[in-house]
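Biologist: I have the model open and would like to go through it with you. Please start with the term I'll need for burial.

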Amino acid sequence: MEKLLLLGDEAFAQGALDSGLSGAYGYPGTPSTEIIAYIQNDKTAIDKNIHKVWSVNEKTAYESALGMSYAGKRVIVTMKHVGLNVAADGFVNSGLTGTNGGFILAVADDPSMHSSQNEQDSRFYGKFANLTTLEPSNQQEAYDMARYGFELSEKFELPVVLRLVTRLSHSRAGVNRTAAIQEKSLALPTDSTRFILLPANARKRYTQLLEKQKDLEKAAEVSPFNHYFDGDDKSLGIIACGLAYNYLMENYEAECPHPVLKLCQYPLPRKYIRKMYAECQSILVLEEGMPLIEEMLSGYLDNGKRIKGRLDGTLPRDGELNPNIVAEALDMTVPKEIKLPALMVNRPPSLCEGCSHRDLYEAMKVIIDKIGVGHVFSDIGCYTLGALPPFKTINTCVDMGASITMAKGAADAGLHPAIAVIGDSTFSHSGITGLLDCVNEKSNVVIVIADNETTAMTGGQDSSAHGRIEEICKGIGVEPAHIRVCLPLPKNHEEIVQIFEQEIAYEGVSVIIPRRECIQTLKRKAKKR
């Protein structure tokens with residue numbers, strides 16, 4: 001088969017396509033977006049009519065994927081690490097229901113928070129749900145793990161987690177393809193009760209899940225992705241997880257002199273762990289993200305030997321690893337830091353020239369000058385850049401949809417005015433339910449839905465509520481007279497300020513919808529034409 005130059009995300013996507021994929025569900029979020037974007041543009045996926053439409057949010061994506069698996073088809077669901085928080089309800093419970101067709105959750109973590117609110121490590125979710133987690137160390141493994149993950153899922157009738165990280169997701173390497181196989185036929189579960197989590201059935205299913213743990217551990221011990229490399233220097237044993245294995249090996253021209261466990265499939269293969277602990281004087285754990293393995297080893301192997309890693313200060317507690325950090329942990333000579341010329345120094349992100357959010361924030365600055373700072377609750381999207389100069393108009397950004405609910409809570413506490421700024425895509429993702437709370441309690445809030453008619457921050461995917469925002473607000477119960485649509489342009493500055501003043505004066509739920517298409521989307525459309 002041919003060899004392709006692919007991103008880590010694209011390698012997994014191609015692997016899934018070559019392994020009988022029937023559906024891909026997800027919500028865009030860096031660094032996971034390219035998985036479904038690749039499938040959407042793949043000619044074979046288009047010709048076969050493989051499902052590849054973005055979902056409203058990660059929860060609906062996960063549950064839709066579970067439904068496709070229920071029908072016997074192979075399916076993937078994709079999201080970034082904080083998106084798994086949104087999907088956690090279905091994710092954890094799917095460990096009890098199990099799966100029918102092969103099911104892989106591809107979740108991309110973002111160590112160093114290049115484009116995220118936090119650094120959480122999705123391996124904790126896999127452990128928490130008692131499920132197998134795969135962690136590729138390179139792009140070829142990301143490709144190979146798609147087929148392997150489907151087979152593992154179908155063997156144990158459980159979801160499989162595939163954990164990617166930013167550096168792997170967004171770097172390219174040559175990937176060898178294998179022969180593609182056909183999609184699975186429609187086939188319903190033989191046990192018609194196992195997806196019904198009534199307490200009596202759920203207790204039985206949980207017992208069965210626990211009984212499978214020994215078999216999952218045995219699978220990790222014979223996994224083609226876990227390797228124990230012996231070494232002559234037993235003063236140190238090294239456990240290198242996923243991409244961290246590459247960082248380790250970049251420090252050696254030949255083989256590493258220490259015993260190394262390359263760990264890419266969980267749960268922990270204790271056979272290898274015990275072998276290393278028995279032979280080596282101390283253990284260094286290299287893991288991208290949080291100290292999951294280090295904590296586990298300290299728990300059941302703490303018999304006097306030192307276990308080094310992120311917890312004991314050998315490695316930094318936060319941020320990404322790299323070859324130099326690993327070299328320092330190994331007491332090797334570290335190259336001197338190369339200072340970048342001033343021309344290459346990072347600059348803070350900013351809203352695009354011509355962005356509609358600029359005109360919205362220019363109007364809001366006038367309002368803030370009158371009411372004071374501390375009244376604007378914002379959300380996750382391009383408009384979050386309103387926190388930076390020259391605007392400095394927003395005061396919060398916590399999680400998807402929190403702008404509306406935090407504004408409501410502040411209004412309940414007596415803050416007036418309480419203003420929320422949320423984008424059109426984020427509104428459909430998780431803002432609608434918060435607005436319904438506001439309507440039900442007649443909260444004194446002003447909700448600004450900044451509608452640029454796309455999911456701009458992650459590449460211009462279609463917004464789920466496109467063309468229906470006013471109808472959604474009316475259907476929820478917002479008074480039509482207080483659903484105000486405006487065109488954010490400099491010439492309409494005074495009109496937008498006036499709308500804000502009028503709706504702040506209204507004691508109830510107001511919705512202001514500044515609507516103008518994203519300038520980048522317009523450019524792409526023009527280029528396409």
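Modeller: Buried means under 20% relative accessible area, exposed means over 50%, and partly exposed is in between, using a 1.4 Å probe and protein chains only. This is a predicted model, where local features need pLDDT of at least 70 and side-chain atom pairs count only at pLDDT 80 or more, while totals for chains, interfaces and linings use all residues. Residues are numbered from 1 along each chain as its sequence is written, and side-chain values use heavy atoms, with hydrogens and water left out.

Biologist: OK, Phe103: buried or exposed?

Modeller: Phe103 has a relative accessibility of 0%. Buried means under 20%. So Phe103 counts as buried.

Biologist: How many residues of helix H1 are buried?

Modeller: Helices (H or I, at least four residues) and strands (E, at least two) are DSSP runs, numbered from the N terminus. Helix H1 covers residues 8–17 and is mostly covered. Its buried residues include charged-looking names you may want to click on, Asp9 and Glu10, along with Phe12 and Leu17. The buried count for H1 is ten of ten.

Biologist: Now the rings. Which strand holds the partner of Tyr62 in its aromatic pair?

Modeller: Rings of Phe, Tyr and Trp (its six-membered ring) pair if their centres lie within 6.5 Å; planes under 30 degrees apart count as stacked, over 60 as edge-to-face and the rest as tilted. There are eight aromatic pairs in the structure. Tyr62 and Phe103 make a tilted one, 5.0 Å centre to centre with 55° between the planes. The two are 41 residues apart and link distant parts of the chain, with Tyr62 in helix H4 (residues 58–70) and Phe103 in strand S4.

Biologist: How do Tyr228 and Tyr272 pair, and what is the angle between the planes?

Modeller: Tyr228 and Tyr272 form a stacked pair with 6.0 Å between centres and an angle of 25°.
The pair links distant parts of the chain, 44 residues apart: Tyr228 is in strand S8 (residues 227–229) and Tyr272 in helix H12 (residues 270–279). Both Tyr228 and Tyr272 are buried. The angle between their planes is 25°.

Biologist: Which residues do ring pairs link into a cluster?

Modeller: We have already met two members, Tyr62 and Phe103. Tyr62 is at 0% relative accessibility, so it counts as buried. The full cluster is Tyr62, Phe91, Phe103 and Tyr125.

Biologist: On to empty space. How many cavities of 30 Å³ or more does the search find?

Modeller: On a 1 Å grid over the protein atoms alone, a cavity is a set of points where a 1.4 Å probe fits but cannot get out, and a pocket is an open set with protein on both sides within 12 Å along at least five of seven lines; lining residues have an atom within 4 Å of a point. Grid points are joined across faces, edges and corners, and a volume is the space filled by probe spheres set on the points. With that search, the number of cavities is three.

Biologist: Which domains does the largest cavity lie between?

Modeller: The largest cavity holds about 40 Å³ of space, and its lining includes Trp54, Gln461 and Asp462. Domain bounds here come from an automatic or database domain assignment. Because both give residues to the lining, the cavity lies between domain 1 (3–221) and domain 3 (356–525).

Biologist: And the second largest pocket: which helix gives the most residues to its lining?

Modeller: That pocket has about 560 Å³ of space. Its lining has 17 residues, with Gly460, Gln461, Asp462, Thr521 and Arg524 nearest the centre. Two or more residues come from each of helix H2 (34–40) and helix H20 (519–528). The most, four residues, come from H20.

Biologist: Any backbone oddities? Where is Pro267 found?

Modeller: Most residues other than glycine have a negative phi, and most peptide bonds are trans. The bond from Tyr266 to Pro267 is cis, with omega near 15°. Pro267 is found in the loop between strand S11 (265–266) and H12.

Biologist: Last one: what is the relative accessible area of Met113?

Modeller: Met113 is not a glycine, yet has a positive phi of about 50°. Met113 is in the loop between S4 and helix H6 (123–128). Met113 counts as partly exposed, with a relative accessible area of 39%.
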